[in-house]
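Visitor: Mind walking me through this one? I'd like to start with what the accessibility words stand for.

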Amino acid sequence: MTIETAVVQQSETKRWAMVAIVMGCGIGAALQVGKVPIAASMLQQSLGIDLAAVGTVAGVFAVLGLVGSVPAGVVIAAVGARRVLLCGLAAIALGAASGALAPQLAVLLASRLLEGLGFLLVMVAAPALLDRVVDVGARDVTMAVWSCVMPFGIALALVAGPMFGSWRAIWWASAAFAVVLFVLAGIFVPGVASRTGPARTGLLQEATALARRRTPALLMVLFALYSLMFFALFSFLPILLTERLGVSSQSAGGLSALAAAGNVVGNLTAGKLLARGASRTLLIAVAAIVMGASALGIFLPVLGGWGAFFLCLLFSATGGLIPATLLATAPAAARSAAMVPVMMGLLMTGSNFGQVTGPIAVGTVVSVWGWGAASVMVVAAAILAGLAAWMLARGDHNRVGEASGPA
């Protein structure tokens with residue numbers, strides 16, 4: 001082995017170690033989302049709250065993302081993704097620790113806002129780092145793997161949550177995990193320059209122009225609708241399974257984690273299909289239709305408990321096609337490397353809209369009308385997603401989405 005070869009291999013090892021740590025940061029951020037569903041019954045008993053309040057605890061997490069995602073992308077483009085990533089991890093750790101100490105619901109909600117800020121910063125900064133590290137030819141697969149961090153983090157929380165004796169212990173553990181990730185990222189993730197060099201002038205104008213374009217706007221809407229459908233189910237899945245199947249909270253957590261892990265299958269499948277030239281809009285439309293149809297059997301008492309759980313697996317696995325496809329399309333839709341963080345911010349705006357509206361709306365309608373009312377929301381979102389995919393197909397997405405790199 002020559003010295004040059006050894007240096008190249010060492011560089012590749014460091015690069016993929018960095019990729020792994022960045023992926024881990026995404027999982028740590030997503031874990032903050034998944035810890036609420038598995039702790040829902042604990043929260044109800046400890047704080048004396050109903051499902052609507054639990055939905056608020058879950059949904060308020062994403063409120064800052066509604067207004068802060070695009071500005072976060074602009075900040076990343078200006079000051080660098082590494083700094084923002086570290087700030088996000090610090091905010092998650094501080095928010096989770098504050099929540100663990102919360103004496104009442106109002107303080108817990110405030111701590112969830114801080115966690116949500118950290119989540120936002122991590123989820124916008126991390127894909128921007130990945131886009132600059134991996135080769136353009138590996139973008140679709142890399143973004144498909146990145147899209148797995150949300151379901152994987154949620155599944156991890158659902159599996160690990162029942163091992164703790166109280167919801168406060170879950171919050172402390174999630175804070176500790178964020179601290180560990182902060183240390184690892186601080187050591188192993190270097191600052192990465194943009195492929196096109198620093199671009200700090202006119203960023204707000206470029207970001208505004210990007211948000212007004214048809215394709216980025218439709219991608220954001222599609223992510224919002226997907227997120228609404230996903231969190232409408234998974235924010236309450238352990239409770240739903242406990243009621244429908246009569247299983248223990250620990251078993252419900254394991255089954256919910258299995259359903260969340262099914263989303264990973266869809267994400268990875270999307271990466272392979274995109275690499276083979278599959279139609280992006282067709283993948284999105286088919287997934288939305290299957291999610292809507294599955295929701296009818298999940299929320300309505302037309303099937304037995306295990307039949308409904310099978311539909312949860314189908315809902316999750318098929319739904320995974322959507323985020324992977326959107327994330328893989330986003331960098332090219334940005335049309336410049338400097339605008340990739342802003343494009344990711346737009347997607348996060350959509351994602352956070354769904355995270356806010358899904359749990360709060362479902363918690364409210366279920367408390368008033370029962371589980372069947374939740375199916376109406378999901379079916380309506382699925383129909384709108386199919387319409388948005390059709391509009392995307394009629395636009396300029398083929399030229400943007402199939403490009404080898406940002407134009």
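Guide: Sure, that term comes up a lot: buried means under 20% relative accessible area, exposed over 50%, and partly exposed in between, with a 1.4 Å probe and protein chains only. By that rule V180, at 45% relative accessibility, counts as partly exposed. Before we go on, this is a predicted model, where local features need pLDDT of at least 70, side-chain atom pairs count only at pLDDT 80 or more, and totals for chains, interfaces and linings use all residues. Residues are numbered from 1 along each chain as its sequence is written, and side-chain values use heavy atoms, with hydrogens and water left out.

Visitor: Where is V180 found?

Guide: V180 is in helix α8, residues 167–188. Helices here are DSSP runs of H or I with at least four residues, numbered from the N terminus.

Visitor: And which residues form the nonpolar patch on the surface?

Guide: The patch consists of V179, V180, F182, V183, L184, I187 and F188, and together they have about 610 Å² of accessible area. To join a patch, a residue needs over 30% relative accessible area and no salt bridge, and nonpolar side chains (Val, Leu, Ile, Met, Phe, Trp, Tyr) are joined within 5 Å. The areas come from the Shrake-Rupley method with a 1.4 Å probe, and for residues only the protein chains shown count as cover.

Visitor: Switching to charges: how many salt bridges does the structure hold?

Guide: There are 2, counting a side-chain nitrogen of Lys or Arg within 4 Å of a carboxyl oxygen of Asp or Glu. K35 pairs with E115, with the closest N and O atoms 3.1 Å apart. K35 sits in helix α1 (residues 3–47) and E115 in helix α5, so this pair ties together parts that are 80 residues apart in sequence.

Visitor: What about R112 and E115?

Guide: R112 forms a salt bridge with E115 too, and their closest N and O atoms are 2.9 Å apart. Both are in helix α5, 3 residues apart, which is about one turn of the helix. Shared partners join K35, R112 and E115 into one network.

Visitor: Is K35 buried or exposed? And E115 and R112?

Guide: K35 is buried, with a relative accessible area of 1%. E115 is buried at 0% relative accessibility, and R112 is buried at 0%.

Visitor: OK, empty space next. How many cavities of 30 Å³ or more turn up?

Guide: A search of the whole structure gives 2. On a 1 Å grid over the protein atoms alone, a cavity is a set of points where a 1.4 Å probe fits but cannot get out, and lining residues have an atom within 4 Å of a point. The largest cavity has a volume of about 240 Å³, taken as the space filled by probe spheres set on the points.

Visitor: What lines the largest cavity?

Guide: It has 19 lining residues, with M123, M150, F223, P323 and L327 nearest its centre. At least two lining residues each come from α5 (105–133), α7 (149–160), α10 (214–234), α15 (321–334) and α16 (340–369). The largest share, 5 residues, is from α10.

Visitor: Which residues are buried in α7?

Guide: V149, M150, P151, G153, I154, A155, A157 and L158. The 12 residues of α7 should span 16 Å, and the end C-alpha atoms are 16 Å apart, which agrees. That expected span is 1.5 Å times one less than the number of residues.

Visitor: Last one: how far apart are A334 and L210?

Guide: They are 124 residues apart in sequence and 7.1 Å apart in space, C-alpha to C-alpha. A334 lies in helix α15, and at 5% relative accessibility A334 counts as buried.

Conventions. Patch = residues over 30% accessible without salt bridge, like charges linked within 9 Å, V, L, I, M, F, W, Y side chains within 5 Å. 1 Å grid on protein atoms, 1.4 Å probe; cavity = no way out; pocket = protein on both sides within 12 Å on 5 of 7 lines; lining within 4 Å.
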